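Let's learn to read salt bridges together. Have a look at the model below before we start.

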Amino acid sequence: MAVLELPSWTALAPALVFVATALALFVIDSINPHTRNRSLLAGTTAVGALAALGIAVWFMLAGVGTPTAEGGLGVVELFGGQFVVDQMTLFFTTVVSVVTALVAVASYDYMADHTYQSEYYSLIMLAATGMAAMAAANSLVTVFIALELASLPSYALVAILKDNRGSVEAGLKYFLIGALSSAIFLYGISLVYGATGHLQLEAIADNLDGADAYGGLLGLGILMLIGGFAYKTASVPFHFWAPEAYEGAPAPISAFLSSASKAAGFVIAFRVFTTAFPVEATTAVIGIDWTTAFVVLAIVTMTLGNFAAATQDNVKRMLAYSSIGHAGYALIGLAGLSADGGELVMGAAMMHLFVYGFMNTGAFLFVALAEYWGVGRTFEDYNGLARQAPVACAALGIFMFSLAGIPPLGGFWSKYILFTETIGAAGTNGAMLVVAAALVVNSALSLYYYSRLVKAVWIEDPVGERDALAQPIGLYAAIVVAAVLTVVALPAFGPIADAAQQAAAVAMG
């Protein structure tokens with residue numbers, strides 16, 4: 001691996017910007033603990049997220065994280081290889097930064113009447129710091145620390161509406177299940193360390209040959225690591241927290257968790273399993289191809305998520321189960337790693353996560369707008385909204401059809417490329433044919449419940465008289481920007497695809 005010697009603060013600048021912004025918010029609150037200056041708090045948060053985005057994009061364009069043999073500046077290793085800044089780090093940092101900025105702008109209106117304003121924005125930035133650190137973590141220790149740094153603020157954010165019983169209950173359930181999954185994950189780390197004697201990812205891979213006598217121990221450790229990642233990405237069977245947490249949390253936080261947090265969970269899964277556990281070497285030690293577990297997880301997760309979403313009457317829960325289904329699509333990137341061209345499948349999954357960040361965030365922010373209006377939570381409550389809010393409902397149509405994979409929107413192209421790469425991998429891994437079929441069937445099913453919401457807002461008549469709807473600037477701005485990004489993903493798909501494939505190739509060495 002080519003290594004570029006840079007000061008740590010330079011290489012980790014996006015994550016450090018998140019930290020600095022969180023500290024700035026604390027300073028603002030300490031100067032005036034009773035400040036109600038929402039513009040200052042939300043603006044500081046959004047500017048910090050956009051600054052992190054700008055630095056990450058600048059690094060990508062400058063070639064940071066690309067091997068020098070390919071004309072880049074090199075992959076940056078920090079603190080003895082505990083962190084690594086490569087193209088995959090920067091790719092997923094851009095996703096986290098964009099989602100964080102959108103959530104901050106939307107929260108300007110959504111949290112207007114709530115207390116704990118500065119705490120709310122500070123927790124968002126601290127969670128984003130953990131997610132950026134997850135993208136760069138290159139050791140099981142730093143992976144766990146970054147995971148907890150992202151999780152602990154998330155628990156508080158879900159329960160931040162202290163006068164709302166549903167929010168507090170959702171936060172408690174999220175915390176309890178998260179504590180259990182963290183214990184499982186940490187125990188898995190200890191078993192991997194016991195079998196290999198190392199925690200740094202490359203060192204684990206280099207010492208797999210010496211773990212022959214501990215194949216069962218290593219296999220159990222890998223299984224527990226998969227369980228920890230499945231929880232973070234809301235994959236079956238560790239998905240139970242997601243519908244409860246997303247329904248009870250403030251809607252912008254639901255967007256944050258279902259988009260940025262999910263992307264961060266997948267980046268550590270991609271890095272750990274591509275770097276620490278090469279398929280052939282690991283299979284020789286434990287006697288089982290670990291990608292088989294991800295084949296099963298992908299099929300079960302996308303199927304259960306989509307079928308459960310199709311039965312929901314609550315819009316927020318429908319989107320929660322929908323996000324579980326999309327986790328199943330992203331798991332295909334890990335399921336195909338044992339096949340020839342596995343890096344292409346992983347790159348396609350990364351592409352889908354990139355586009356998913358825009359369209360899913362926008363969908364949840366529309367729910368935030370509906371909650372701001374107080375129109376209710378069922379499909380019936382959304383009837384006829386387009387008559388009073390045509391711009392927001394047009395954006396909703398873009399989000400829904402893109403999530404369903406309708407051409408020519410970005411969601412169609414990400415699913416199409418994922419499907420074609422999955423079919424290509426089936427030549428050396430027949431199970432990928434089943435995965436590809438499940439992808440098509442579940443995408444077709446998702447069109448039912450996504451179009452059901454579009455039908456409600458555009459075609460159905462309101463069930464009763466509805467007062468004039470307010471036009472909150474922040475929420476509208478965030479929704480429109482998310483819709484534009486979803487549409488712009490189409491002409492920009494070539495560069496996005498190239499960046500994702502390059503990031504996957506660099507990550508796989």
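The dialogue that follows is about salt bridges.

Q: What should I know about this model before I begin?
A: This is a predicted model, where local features need pLDDT of at least 70 and side-chain atom pairs count only at pLDDT 80 or more, while totals for chains, interfaces and linings use all residues. Residues are numbered from 1 along each chain as its sequence is written, and side-chain values use heavy atoms, with hydrogens and water left out.

Q: What is a salt bridge, and how many are there by this rule?
A: A salt bridge is a side-chain nitrogen of Lys or Arg within 4 Å of a carboxyl oxygen of Asp or Glu. By this rule, the count here comes to 10.

Q: Which residue forms a salt bridge with Glu 244?
A: Lys 173 does, with the closest N and O atoms 3.6 Å apart. This pair links distant parts of the chain: Glu 244 is in helix H10 (residues 241-248) and Lys 173 in helix H7 (residues 165-196), 71 residues apart. Helices here are DSSP runs of H or I, at least four residues long, numbered from the N terminus.

Q: Is Glu 244 buried or exposed?
A: Neither! Buried means under 20% relative accessible area, exposed means over 50%, and partly exposed lies in between (1.4 Å probe, protein chains only). Glu 244 counts as partly exposed because its relative accessibility is 29%, and Lys 173, at 32%, is partly exposed too.

Q: Which residue pairs with Asp 313?
A: Asp 313 forms a salt bridge with Arg 452, and their closest N and O atoms are 2.9 Å apart.

Methods: Helix = DSSP H or I, 4+ residues; strand = E, 2+ residues; numbered from the N terminus.
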